[in-house]
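Dear colleague,

Please find below the structure that I am handing over to you. I would be grateful if you could keep it open while reading the findings that follow it.

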Amino acid sequence: MISDNPQDYVQGVMACDRRLLAKTITLIESSLPAHQEPAQTIIDLLLPHTGKAVRLGITGVPGVGKSAFIESLGTMLVNKGHRVAVLAVDPSSKRSGGSVLADKTRMEKLSVEENAFIRPSPSGGTLGGVARKTRETMIVCEAAGFDVMIVETVGVGQSETTVASMVDFFLVLMIAGAGDELQGIKKGILELADAVTVNKADGDNVEKAELARKQYETALHFLAPSSPTWAPPVLTCSALEMTGIDVIWETVLDHRKKFLATGELEANRKNQAVDWMWSLVKEGLNSQFYQNPDVKKMLPEILKEVENGATAPTVAANKLLFCMDRSSFKTSVAL
Ligand SMILES: Nc1nc2c(ncn2[C@@H]2O[C@H](COP(=O)(O)OP(=O)(O)OP(=O)(O)O)[C@@H](O)[C@H]2O)c(=O)[nH]1
Ligand SMILES: [Mg+2]
């Protein structure tokens with residue numbers, strides 16, 4: 001039986017007690033109102049013990065080999081003496097216990113490593129909600145002494161942008177032979193990439209992978225780099241044969257070294273923390289709005305009026321906003 005005292009959780013996490021680590025994450029992921037406050041207290045107490053880990057984001061379409069890649073990279077890192085936590089942001093995930101197991105079996109070597117911790121995406125809810133839980137879990141894992149955080153996302157909707165905003169290095173996995181469209185490659189995703197790697201460069205596929213590598217290199221060439229310190233490289237690897245994985249890790253470390261030296265690592269993390277705060281404020285306001293009983297009551301009628309042109313959208317919006325706590329919403333919002 002675990003006590004209700006947040007301090008016990010904090011001590012357990014910092015001692016990397018597996019059971020307490022899992023319990024703490026479960027508490028964070030819980031949507032029960034009674035769990036919110038202790039969860040926030042724990043996060044707040046753990047936060048000063050974080051910040052040293054390498055935070056690596058990975059995206060790519062289904063089947064590109066994310067799980068296989070993380071298995072290979074994670075195993076290599078554990079063998080080098082690192083402690084690796086693998087988290088995920090997948091808002092579309094309706095994972096049941098069964099498919100969590102399925103994913104763990106795909107990382108069968110890594111999942112049995114004592115110095116690895118694999119946690120599937122929190123399920124259900126909005127992208128914002130899922131991302132919030134993953135960010136908090138990241139804090140817990142860092143405080144528990146994991147020094148490499150890998151955050152995976154399949155890149156549906158905005159989830160790749162969200163993951164890019166919580167990591168230091170964002171790696172985009174590709175495969176050869178699939179058209180850009182097939183890979184869901186918007187220009188946007190390449191703009192987020194700190195490196196691109198063409199996976200499955202093995203067997204008959206080596207030449208095709210090299211061709212694809214060159215094509216992506218050309219595509220990246222036309223994008224203005226987001227930092228003067230870094231031009232995102234395009235590499236190839238085989239997660240299955242474990243080739244090229246070491247070069248990718250060296251690239252991550254090289255980027256880290258450069259960004260530490262220029263102060264960009266710290267600046268990025270500061271921006272990320274502030275952005276995170278604002279996204280929580282927006283989410284909070286949003287949910288307060290929709291939960292407001294007056295809003296709920298008025299909304300169907302007002303929607304009809306706006307649709308019919310009986311009420312101007314500006315008037316309708318102000319009416320709805322006035323339903324919010326009037327003490328904190330004294331003035332009308334300029335629309
Ligand atoms: N030949 C080859 N096959 C690979 C490689 N990496 C992954 N695969 C295979 O590609 C398939 C998909 O790999 P996964 O690692 O499950 O891909 P994923 O991106 O995690 O897929 P989702 O979890 O569905 O998004 C599996 O059958 C893997 O064995 C590789 O480097 N070379
Ligand atoms: Mg996978």
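The crossing of helices α3 and α7 is left-handed. Helix α3 covers residues 33–46 and helix α7 covers residues 127–143. Their axes lie 9 Å apart, and the two helices pack at an angle of about 45 degrees. That angle makes α3 oblique to α7. Please bear in mind throughout that this is a predicted model.

Helix α3 also takes part in two further crossings, described here in turn. With helix α2 (residues 18–29), the axes come within 8 Å and cross at roughly 125 degrees. Angles over 145 degrees count as roughly antiparallel and those from 65 to 115 as roughly perpendicular; α2 and α3 are therefore oblique to each other. The crossing of α2 and α3 is left-handed.

With helix α1 (residues 6–14), the axis of α3 comes within 9 Å, at a crossing angle of roughly 45 degrees. That makes α1 oblique to α3. In which hand does α1 pass α3? The crossing is right-handed.

I turn now to the ligand. How many residues surround ligand 1? There are 16, and the closest are Lys66, Ala68, Arg106, Asp202 and Ala239. The shell around ligand 1 divides into seven nonpolar, five polar and four charged residues. Helix α4, which spans residues 66–79, gives the most to this shell, with three residues.

Several polar atoms of the protein can be located beside the ligand. A polar side-chain atom of aspartate 202 lies 2.6 Å from a nitrogen atom of ligand 1. The backbone contributes as well: a polar backbone atom of leucine 240 is 3.1 Å from an oxygen atom of ligand 1, and a backbone N or O atom of valine 64 lies 3.4 Å from an oxygen atom of the ligand. Taken alone, ligand 1 exposes 640 Å², and the protein buries 70% of that area.

When you examine the model, I suggest viewing the helix crossings before the surroundings of the ligand.

Yours sincerely,
A colleague

Definitions and conventions. Residues numbered from 1 in each chain as written. Chains lettered and ligands numbered in written order. Predicted model: local features only at pLDDT ≥ 70, side-chain atom pairs only at ≥ 80, totals over all residues. Heavy atoms only, no water. Near = heavy atom within 4 Å. Polar contact = N/O pair within 3.5 Å; in protein donor to acceptor, adjacent residues only side chain to side chain. Areas by Shrake-Rupley, 256 points an atom, 1.4 Å probe, with all protein chains shown as cover. Helix = DSSP H or I, 4+ residues; strand = E, 2+ residues; numbered from the N terminus. Nonpolar A, V, L, I, M, F, W, Y, C, P; charged D, E, K, R; others polar. Axes fitted to C-alpha atoms, helices over the stretch in contact; angles between N-to-C directions. Parallel < 35°, antiparallel > 145°, perpendicular 65-115°, else oblique. Left-handed = near helix turned anticlockwise from the far one by under 90°.
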